[in-house]
Amino acid sequence: QVQLVESGGGLVQAGGSLRLSCAASGRTFRSLAMGWFRQALGKEREFVAAINWSGGTTYYADSVKGRFTISRDNAKNTVYLQMFSLKPEDTAVYYCAAGLGGTARYEYNFWGQGTQVTVSS
């Protein structure tokens with residue numbers, strides 16, 4: 001079992017930056033791929049970024065490529081999402097997930113509670 005707790009969300013102006021963190025419990029963290037998803041009000045939860053167990057491979061949604069960076073620190077059981085050049089359309093609840101990896105929700109077994117990111121124009 002893996003428990004995930006996100007932090008770092010908040011209110012930021014367009015063009016600003018935020019770094020989200022996801023702290024994981026459980027010794028299996030290092031063997032799991034990690035992902036970030038987001039869900040805007042009234043919309044489906046969508047893939048944002050993913051990273052494999054070692055941190056050597058990363059994937060991004062086209063909408064965030066070049067602006068967001070996913071990374072992980074296995075010694076700290078933590079995965080990060082650094083977000084630059086934020087846009088109002090990035091406003092959503094951001095969820096951390098752990099599992100096999102990939103871009104689909106069904107590929108992740110464990111989910112955090114989410115952290116709100118609001119970007120004002």
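The side chains of Asp-90 and Arg-67 come together in a salt bridge, with 2.8 Å from N to O. This pair links distant parts of the chain, as its two residues lie 23 residues apart. The model you are looking at is a predicted one, and it holds 5 salt bridges along with 1 disulfide. Below is a friendly tour of those links, of an open sheet of 4 strands, and of two residues with positive phi, Asn-77 and Ser-85.

**The Asp-90 and Arg-67 salt bridge**

- Asp-90 sits in the loop between strand S8 (78-83) and strand S9 (92-99), while Arg-67 sits in the loop between strand S6 (58-60) and strand S7 (68-73).
- Asp-90 counts as buried because its relative accessibility is 1%, under the 20% cut-off.
- Arg-67 is buried as well, with a relative accessible area of 11%.
- Which residues are joined into one network by salt bridges that share partners? They are Arg-38, Glu-46, Arg-67 and Asp-90.

**Other salt bridges**

- Glu-46 and Arg-38, both members of that network, meet through their side chains in a salt bridge of 2.6 Å from N to O.
- The two ends of this bridge fall into separate accessibility classes: Arg-38 counts as buried at 6% relative accessibility, whereas Glu-46 counts as partly exposed at 37%.
- Asp-62 pairs with Lys-65 in a further salt bridge, where the closest N and O atoms are 3.1 Å apart.
- Are Asp-62 and Lys-65 buried or exposed? Asp-62 is exposed, and Lys-65 is exposed too.

**The disulfide**

- The structure's 1 disulfide is formed by Cys-22 and Cys-96, whose sulfur atoms are 2.1 Å apart.
- The link of Cys-22 and Cys-96 is left-handed, with -80 degrees about the S-S bond.
- Cys-22 lies in strand S3 (residues 18-25) and Cys-96 in strand S9, so the disulfide ties together parts that are 74 residues apart in sequence.
- Cys-22 is buried, with a relative accessible area of 0%, and Cys-96 counts as buried at 0% relative accessibility.

**Around Cys-22**

- What does Cys-22 touch once its neighbours within four places in sequence are left aside? Its contacts are Leu-4, Val-5, Glu-6, Met-34, Trp-36, Asn-77, Thr-78, Val-79 and Cys-96.
- One of these contacts, Cys-96, is the disulfide partner of Cys-22.
- Another contact, Leu-4, has Ala-24 of S3 as its bridge partner, and S3 is the strand that holds Cys-22.
- The C-alpha atoms of Cys-22 and Gly-114 are separated by 9.4 Å, although these residues are 92 residues apart along the chain.

**The open sheet**

- Strands of a sheet pair through backbone hydrogen bonds, in either a parallel or an antiparallel way.
- How are the 4 strands of the open sheet ordered? The order is S1-S3-S8-S7, and the pairing is antiparallel.
- Strand S1 (3-7) and S7 are the edge strands, each pairing on one side only.
- From one strand to the next, the twist averages 15 degrees.
- The antiparallel pairing of S1 with S3 runs over 5 bridges.
- Strand S3 thus brings two topics together, because Cys-22 of the disulfide lies in S3 and S3 has a place in the sheet order.

**Residues with positive phi**

- Asn-77 has phi near 50 degrees, a positive value in a residue other than glycine.
- Where is Asn-77 placed? Asn-77 is in the loop between S7 and S8, two strands that follow each other in the sheet order as S8-S7.
- Asn-77 counts as buried because its relative accessibility is 18%, and the limit for that class is under 20%. Asn-77 is also among the contacts of Cys-22.
- Ser-85 has phi near 45 degrees, again a positive value in a residue other than glycine.
- Ser-85 is found in the loop between S8 and S9, the loop that also holds Asp-90 of the salt bridge with Arg-67.
- Ser-85 is partly exposed, with a relative accessible area of 40%, whereas Asp-90 counts as buried at 1% relative accessibility.

Technical notes:
Residues are numbered from 1 along each chain as its sequence is written. This is a predicted model: local features need pLDDT of at least 70, side-chain atom pairs count only at pLDDT 80 or more; totals for chains, interfaces and linings use all residues. Side-chain values use heavy atoms; hydrogens and water are left out. A salt bridge is a side-chain nitrogen of Lys or Arg within 4 Å of a carboxyl oxygen of Asp or Glu. Buried means under 20% relative accessible area, exposed over 50%, partly exposed in between (1.4 Å probe, protein chains only). A disulfide is a pair of cysteine sulfur atoms within 2.5 Å. Two strands pair if DSSP finds at least two bridges between them. Axes are lines fitted to C-alpha atoms, for helices over the stretch in contact, and angles run from 0 to 180 degrees between N-to-C directions. Contact means heavy atoms within 4.5 Å.
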